[in-house]
Amino acid sequence: MTVVSQPVLHPRVDSFLREPKRLLIGGEWVAAVSGRTFTTHDPATGRVLAEVAHGEDADVTRAVTAARRAFDDGPWRRFTPLERQRLLWRVAQALAARADEFAQIEALDNGKSVSVAEHVDIAWAVEILEYYAGWATKIEGSTPQVSMPFAPGGVFHAYTLREPVGVVGQIVPWNFPLLMAVFKIAPALATGNTVVLKPAEQTPLSALLLGELLADAGLPDGVVNIVTGFGDAGAALVRDERVDKIAFTGSTEVGKEIVRAAAGNLKRVSLELGGKSPNVVFADADLDLAVPGAANAIFFNHGQACTAGSRLYVEDTIFEEFTAKVADIAAGLRVGSGLDPATEIGPLISADQRDKVMGYVDEGLAEGARALSGGTRLDRDGFFVAPTVLVGVGPESRVVREEIFGPVVAAQPFTAADGVTAAANDTVYGLAAGIWTRDLSKAHRTAREIRAGSVWVNQYNGFDTTLPFGGYKQSGWGRELGAGVLELYLETKAVNIAL
């Protein structure tokens, strides 16, 4: 592995980090009711980045009150679809103009590559804002021709209206902080809802900077509120009976807690949760594509992705050759701060996450697994784990069955006679899968057999804003992206008039 260095901060980023980090509530930047703050750190060095307002129950109450007022009484309800469209376009343009700034903030707060942040996270966030800006003017009802058999002889005019759900609580994770916020905010605003956003405590900074863009674009006070804090703030948001919907991205365990807590007023819940995604390589695959594709499937974003191809199934006749080549790529990845564009593997988000990942690796090795690459933490500042390829693992091992959320892949062979579908589906998750083969029929057949919300053939992480994204089984409820996500933020009202 090559170690790369950390470059100098952009002056605007340095200035942003020095400013107080407050909550955005009702259009104002305010301190937490308690006056408390918490510290956010650079995971590449462990150094302090900023002190951030520590939002708690009282702050969530204030934020929900502001969102409720903006939805029920504020000028937001009077915004036309065209006005919502133009507002989202302004936000998209402002984000594009400041992409370098946001990319450095993400690299500092999350540890990801500044190049990936700018050209994937920020660029895609801009495109999502533009896409849902277009949808704001295309939300339509219908005019059914009703029969009304219980009112013979009557004449009726019936139609449906699509209306916003109301106040939406949105809780986003630390692995793609800005992108996940935009995943949720863009369709919510396009459909006319108001929002209380709770970013992850590990990565609050880009959400706060996004709040500045929203205000500068002319968003009315209280339409988007941002409360930084810990799990108790998220729990307060879920419990609040004035909140009409919760949209959550994070772990399956927390998703289950949200479902239980949301029962009070039967608020809508959509969940994008964990994964343990199979990546299947057949012997007839184009190895020049499949080898780097399999490496990218697990090492992208340092393995801190719910879609990570962390279970690698390779046909037995090419297993040793294939896994050795993936291990060679892993061993050659450049490690360092995300601020350096040359970095290919950055730090994990925290010391706790590093220790959790290494706990899985150590347990797998103790059970008899072999590390073709990695298998260790890196002896340097920050929270680094060497990119790891494990072989010799059994199907019941925790490294195969549980989501590790780090740069660790467990590779297993399969035979043409036995097939791979049963093993690929042997999981409580069903978020994503990859298939590598030159055989078109085999690709279609295997894609049908694997139970996952996204299946990528001869590629991995093949996302597009027009395609729905979400999971089967314990990987979640509902879909994000595409036109389908609008259903999560709209109610349908039937109006029937006797003429």
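**Entry 1: Asp426 and its partner.** I began with Asp426, which is partly exposed at a relative accessible area of 35%. In this predicted model I then looked for its charged partner and found that the side chains of Asp426 and Arg401 meet in a salt bridge, with 3.1 Å from N to O. I noted that this pair links distant parts of the chain, since Arg401 sits in helix α13 (residues 398-401) and Asp426 in the loop between α14 (421-424) and β18 (429-430), 25 residues apart. Arg401 counts as partly exposed at 28% relative accessibility, and I found that it also forms a salt bridge with Glu396, where the closest N and O atoms are 3.9 Å apart. Glu396 itself is exposed, with a relative accessible area of 60%.

**Entry 2: another salt bridge.** I counted 25 salt bridges in the structure, and I picked out the one between Glu321 and Lys325, whose closest N and O atoms are 3.1 Å apart. What separates these two along helix α11 (residues 319-332)? They are 4 residues apart in that helix, and therefore separated by about one helical turn. I recorded both as partly exposed, Glu321 with a relative accessible area of 39% and Lys325 with 36%.

**Entry 3: the annotated positions.** I turned to the UniProt record, an unreviewed entry, which carries the annotation "domain: Aldehyde dehydrogenase" over residues 29-495. Over this range I read 37% helix and 20% strand, with the end C-alpha atoms 41 Å apart. The same kind of record, again from an unreviewed entry, places the annotation "active site" on Glu272. Is Glu272 buried or exposed? Its relative accessible area is 3%, so I entered it as buried, and I located it in strand β11 (residues 268-272). Leaving aside residues up to four places away in sequence, I listed its contacts as Phe248, Thr249, Gly250, Cys306, Leu431, Phe469, Ser475 and Glu480.

**Entry 4: helix α6.** I checked the length of helix α6 (residues 177-190) against expectation: at 1.5 Å a residue its 14 residues should span 20 Å, and the end C-alpha atoms are indeed 20 Å apart, which agrees. The helix is mostly covered, as 14 of its 14 residues are buried. Just after α6, I noted that Gly192 takes a positive phi of about 95°.

**Entry 5: positive phi outside glycine.** Most residues other than glycine have a negative phi, so I looked at two asparagines. Asn301 has a positive phi of about 55° although it is not a glycine, and Asn458 likewise has a positive phi of about 55°. I placed Asn301 in the loop between α10 (287-299) and β13 (311-315), where it is buried with a relative accessible area of 5%. Asn458 belongs to the loop between β20 (454-457) and β21 (472-473), and I recorded it as partly exposed, with a relative accessible area of 34%.

**Entry 6: the surface.** I found a nonpolar surface patch of about 300 Å², made by Val155, Ile497 and Leu499. Of these, I followed up Ile497, which lies in strand β23 (residues 490-498) and is partly exposed with a relative accessible area of 34%. I also looked up Phe150, in the loop between α5 (114-135) and β6 (156-164), which counts as exposed at 83% relative accessibility. Finally, I took the separation of the C-alpha atoms of Phe150 and Tyr429, which are 279 residues apart along the chain, and entered it as 48 Å.

Technical notes. Residues are numbered from 1 along each chain as its sequence is written. This is a predicted model: local features need pLDDT of at least 70, side-chain atom pairs count only at pLDDT 80 or more; totals for chains, interfaces and linings use all residues. Side-chain values use heavy atoms; hydrogens and water are left out. The expected span of a helix is 1.5 Å times one less than its number of residues. Buried means under 20% relative accessible area, exposed over 50%, partly exposed in between (1.4 Å probe, protein chains only). Patches are made of residues with over 30% relative accessible area and no salt bridge: like charges are joined within 9 Å, nonpolar side chains (Val, Leu, Ile, Met, Phe, Trp, Tyr) within 5 Å. Accessible areas come from the Shrake-Rupley method with a 1.4 Å probe; for residues, only the protein chains shown count as cover. A salt bridge is a side-chain nitrogen of Lys or Arg within 4 Å of a carboxyl oxygen of Asp or Glu. UniProt positions are given in the numbering used here, feature names are shortened, and annotations may be inferred rather than shown by experiment. Contact means heavy atoms within 4.5 Å.
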